[in-house]
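Colleague: Please give me a close look at the charged side chains that pair up in this model, and at what surrounds them. Afterwards, a brief tour of the packing elsewhere would be welcome.

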Amino acid sequence: MKLLLDTHIWLWSHLDPDRLSRRVTLALLARDVELWLSPISVWEFMLLAEKGRVSVKGSPRDWVAAALTKVPMHDAQLNHEVALQSRVIQTEHDDPADRFLAATAFVYNLTLVTADQQLLRGKGFRTLANR
């Protein structure tokens with residue numbers, strides 16, 4: 001299974017794993033899982049850290065490096081196809097970051113792991129709900 005982690009799922013997996021459902025925890029730990037992360041999630045994390053909405057030991061940049069060393073992830077690169085798809089993917093809201101994540105899941109044939117109800121109701125891409 002190839003899983004793209006929504007920003008909050010990635011952060012919870014490192015900072016507050018009790019917030020992950022049993023189903024998501026088992027999926028993340030499965031032997032055959034490929035974990036993917038979009039640079040959009042790193043960008044969102046940096047914004048949250050700058051605004052004081054999430055805090056980590058050390059600098060946010062160092063935290064990202066340590067998190068990606070601890071749990072390596074495939075890089076779901078932003079490219080022209082993701083950008084184009086982000087404008088046609090069906091989501092219930094127009095949050096640019098969420099649209100990029102949904103489009104990334106579609107383009108790379110990944111399952112987006114999220115607790116975001118609006119993303120879970122999206123169409124044209126696979127999701128795994130953290131419930």
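Modeller: Happily; the pairs come before their surroundings, and the packing of the rest follows.

A few conventions to begin with. This is a predicted model, so local features need pLDDT of at least 70, side-chain atom pairs count only at pLDDT 80 or more, and totals for chains, interfaces and linings use all residues. Residues are numbered from 1 along each chain as its sequence is written, and side-chain values use heavy atoms, with hydrogens and water left out.

The structure contains three salt bridges, where a salt bridge is a side-chain nitrogen of Lys or Arg within 4 Å of a carboxyl oxygen of Asp or Glu. Two of them share a partner: Asp94 pairs with Arg87, with 3.7 Å between the closest N and O atoms, and Asp94 also meets Arg99, at 3.5 Å from N to O. Arg87, Asp94 and Arg99 are thus linked in a network of salt bridges.

The members of this network sit in contrasting surroundings. For accessibility, buried means under 20% relative accessible area, exposed over 50%, and partly exposed in between, with a 1.4 Å probe and protein chains only. Arg87 has a relative accessible area of 52%, so Arg87 is exposed. Asp94, at 48%, counts as partly exposed. Arg99, with 7%, is buried.

The remaining bridge joins Arg121 and Glu92, whose closest N and O atoms are 2.9 Å apart. Here distant parts of the chain are linked, since the partners are 29 residues apart: Arg121 is in the loop between helix H7 (117-120) and strand E5 (126-129), and Glu92 is in the loop between helix H5 (80-86) and helix H6 (96-108). Helices (H or I, at least four residues) and strands (E, at least two) are DSSP runs numbered from the N terminus. Both partners are partly exposed, Arg121 at 43% and Glu92 at 45%.

What else touches Arg99? Two residues worth a look are Ser86 and Ile89. Contact means heavy atoms within 4.5 Å. Ser86, in helix H5, is buried at 4% relative accessibility. Not counting residues up to four places away in sequence, Ser86 touches Arg99, Phe100 and Ala103. Ile89, which lies in the loop between H5 and H6, is buried as well, at 5%. With the same sequence neighbours set aside, Ile89 touches Arg99, Ala102, Ala103, Phe106, Lys123, Gly124 and Phe125. The C-alpha atoms of Ile89 and Phe106 are separated by 8.4 Å, and the two residues are 17 apart along the chain.

Beyond H6 there is a backbone detail to check. Asn109, in the loop between H6 and strand E4 (111-114), has a phi near 60°, a positive value in a residue other than glycine. Most residues other than glycine have a negative phi. Asn109 is partly exposed, at 47%.

Now for the packing elsewhere. A nonpolar core here is a set of buried Ala, Val, Leu, Ile, Met, Phe, Trp, Tyr and Cys residues joined through side-chain atoms within 4.5 Å. The largest core has 22 residues, and those with the most contacts inside it are Leu3, Leu5, Trp10, Leu28, Phe45, Trp63 and Val113. Two or more residues come from each of strand E1 (2-5), helix H1 (7-15), helix H2 (22-29), strand E2 (34-37), helix H3 (39-50) and helix H4 (60-70). H1 gives the most, with four residues. Leu3 touches, among residues beyond four places in sequence, Leu28, Leu35, Trp36, Val113 and Leu128. A second, separate core of 13 residues includes Ile40, Ala76, Ala97 and Leu119.

H1 and H4 also pack against each other, at an angle of about 80° with their axes 11 Å apart. Axes are lines fitted to C-alpha atoms, for helices over the stretch in contact, and angles run from 0 to 180 degrees between N-to-C directions. The two helices are therefore roughly perpendicular, a label for angles of 65 to 115 degrees. In this contact, Trp10, Leu11, His14 and Leu15 of H1 meet Trp63, Val64, Ala67, Leu68 and Lys70 of H4. These residues divide into seven nonpolar, one polar and one charged; Ala, Val, Leu, Ile, Met, Phe, Trp, Tyr, Cys and Pro count as nonpolar, Asp, Glu, Lys and Arg as charged, and the others, Gly among them, as polar.

Key. Angles under 35 degrees count as roughly parallel, over 145 as roughly antiparallel, 65 to 115 as roughly perpendicular and the rest as oblique.
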